[in-house]
Amino acid sequence: MNSPILRMENIVKTFPGVVANRGVNLEIRRGEIHALLGENGAGKTVLMSILYGLYVPDSGTIYLNGQPITIKSPKDAIAKRIGMVHQHFMLEPTLTVAENIILGQFPSWTILNKQRIGEVHEKIRSLSNQFGLGVDPAARVSRLSVGEQQRVEILKVLYHGADLLILDEPTAVLTPQEASRLLEFLRDLAKKGLTTIFITHKLDEVMQVSDRVTVLRDGQVIGTCETRETNPRALAKMMVGREVLMDLHRKLASPGEPVLAISNLRVRDARGLPVVKGVSFTVRAGEIVGVAGVSGNGQSELALAIAGLIDDVAFDRFQLEGKDVTRRDLRAASHRHSAHIPEDRQKMGMVLPFSVSENFILEEYSSPRFARHGFLRGQAIRSYSQNQVKKFDIKVSDVSEEIANLSGGNQQKVVVARELDRHPGFLLVNQPTRGIDIGATEFVHQQILAQRDGGTGILLISTDLEEIFALSDRILVIFEGEIIGELPSDRSQVEKVGLMMAGKRDPDRE
Ligand SMILES: Nc1ncnc2c1ncn2[C@@H]1O[C@H](COP(=O)(O)OP(=O)(O)OP(=O)(O)O)[C@@H](O)[C@H]1O
Ligand SMILES: [Mg+2]
């Protein structure tokens, strides 16, 4: 039972200017759930990508079931029954679940007759039943929720027969409900003998689901421990190398004039169905208004509408910093008066083929700070970027590096650093710390509070209730596209907010 299924010995992997793994030793026991923890850029994804054949290590040895092996490609890894679900999803949205699962397995689709397709569907259905995943092989991926897509990714790995499952931050994009379902599912898999390596930044998930945990820092293993013999505070300290506050000090807000006032805002989705149904509220200077809700209740569309990034929007009134905005100039006005940390960093927050410094000045490339007589001021941009990198502790070898090469959390930090530095009157933040490690989350929270104290009015959208309560001065609850209540941000209200998020409009009256 406890013999190691996998041993990684002295793994070294360098990229130009960066040592991602500097002699990593990792031992995974058969049938365990092994959590892998570490700060942004610590080397977790690179280490697992080596195991999955996406990178070849510079040196070091991998032993599978005691035998030294080489893994040159994901195909090799799959043949050795190693499967991986990535940090950023890799499904093809226009294809069905079944098509995605067997993609690449057959030379071409045309050779698949009805009977073969039927067999594939049957196998998927039976696996899905066996593991209680509830996945329909004929469904088109674009129609699935993020949680469902996640299950398809896992099913894909199981379909190809994995003994060792690698999950890179699988819960980062899930709702708390979906996340706890996934964790239960991982426990079931473990009972069936499957081994899982589980990367996460959420310490409570580590405590809840893992048997053992390994902490990486700066490309090295700091230690491996039995989960039941450790606790979140100790793990945080191992990760960051210092005590982490984990509890934020927040002064009372002193709100001023409204910076955002909207009434009867309505948004329709691509199919013409109402997703935001007549929302009205105000955000004042110097306060943080939190929007709590289970994701999928209209908050993404609400955010896009406020940023002027969605077409099918209507409202009775929309004021930014006291000025009325019409639908036609919503986008321009929103860009002028506000800053926006978007929910999906890769699609909306940055330009992947651009460098880190280009991404820093994305919004301001024509301002006199960075340009003169139509020419970009290279040195000014460079030193500005270097300062930002230092301030936000962004792990990058040089600011000229393509942002695509940064770790997930470091990409997020670039977006946050850029938007916070625009010093807007109004700041819209949606899932600001998604994928960010706990030390950096502490820092980003402090920065958001500092903006508030400097007089910015902030709308915070987050599915993480902890984050909502840590930062907000008051809380709006969104359910099925409507704001169904407003509460003070007081820990005694947690349960009430939870009930309202589930659709109870008046939890006191029972
Ligand atoms: N293809 C690449 N080219 C250059 N550098 C890279 C590449 N991939 C990763 N790196 C660098 O290797 C280091 C480790 O990155 P990795 O993605 O493993 O971090 P991580 O621990 O997964 O962090 P996060 O929690 O933010 O996802 C980072 O400094 C990153 O910038
Ligand atoms: Mg990563």
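**Sheet, hairpins, ligand shell and domain contact**

Six strands form an open sheet of mixed pairing, in the order β6-β7-β8-β3-β9-β10. Its edge strands are β6 (82-85) and β10 (220-226), and each of these pairs on one side only. From one strand to the next, the twist averages 20°. The model is a predicted one. At one edge, β6 pairs with strand β7 (residues 164-168) in the parallel sense. Four bridges join β6 and β7. Among the facing residues, G83 stands opposite L165 of β7.

Helix α1 (residues 44-51) packs on this sheet. The helix touches β3 (33-38), β6, β7, β8 (195-199) and β9 (212-217). The direction of α1 makes about 150° with that of β7.

Outside this sheet order, strand β1 (residues 4-15) has two partners to describe, β2 and β4. Strand β2 (residues 18-29) runs antiparallel to β1, and nine bridges join the two. F15 stands opposite V18 in β2. The two strands form a hairpin, with two residues between them. In the turn, G17 has a positive phi of about 85°. Strand β4 (residues 59-64) is also antiparallel to β1, with five bridges in the pairing. Here L6 has L64 as its bridge partner. Strands of a sheet pair through backbone hydrogen bonds, either parallel or antiparallel.

Another hairpin involves strands β11 and β12. Strand β11 (residues 258-268) and strand β12 (residues 274-284) run antiparallel and share eight bridges. I262 is bridged to F281 in β12. Five residues lie between the strands of this hairpin. G272 takes a positive phi there, near 85°.

The length of helix α4 (residues 114-130) was checked against its residue count. At 1.5 Å a residue, its 17 residues should span 24 Å. The expected span is 1.5 Å times one less than the number of residues. The end C-alpha atoms of α4 are 24 Å apart, which agrees. G132 follows α4 and has a positive phi, near 60°.

Which residues come nearest to ligand 1? They are F15, N40, T45, S407 and G409, out of 19 residues around the ligand. F15 thus appears both in the ligand surroundings and opposite V18 of β2. Three elements, β2, α1 and α14 (408-420), each supply at least two residues of the shell. Helix α1 therefore has two roles in this description: α1 packs on the sheet, and α1 contributes to the shell around ligand 1. By class, the shell residues divide into six nonpolar, 10 polar and three charged.

The protein is divided into domain 1 (4-240) and domain 2 (258-344 + 424-509). Their centres, taken over C-alpha atoms, are separated by 33 Å. The contact takes 13 residues from domain 1 and 11 residues from domain 2. On the domain 1 side, α6 (176-191) and α8 (232-240) each supply at least two residues. The largest share of that side, three residues, comes from α8. The residues on the side of domain 1 that touches domain 2 divide into six nonpolar, five polar and two charged.

How values were computed: Residues are numbered from 1 along each chain as its sequence is written. Chains are lettered from A and ligands numbered from 1 in the order in which they are written. This is a predicted model: local features need pLDDT of at least 70, side-chain atom pairs count only at pLDDT 80 or more; totals for chains, interfaces and linings use all residues. Two strands pair if DSSP finds at least two bridges between them. Axes are lines fitted to C-alpha atoms, for helices over the stretch in contact, and angles run from 0 to 180 degrees between N-to-C directions. Two residues are in contact if their C-beta atoms, placed from the backbone, lie within 7 Å. A residue is near a molecule or strand if its C-beta atom, placed from the backbone, lies within 6 Å of it. Ala, Val, Leu, Ile, Met, Phe, Trp, Tyr, Cys and Pro count as nonpolar, Asp, Glu, Lys and Arg as charged, and the others, Gly among them, as polar. Domain bounds come from an automatic or database domain assignment.
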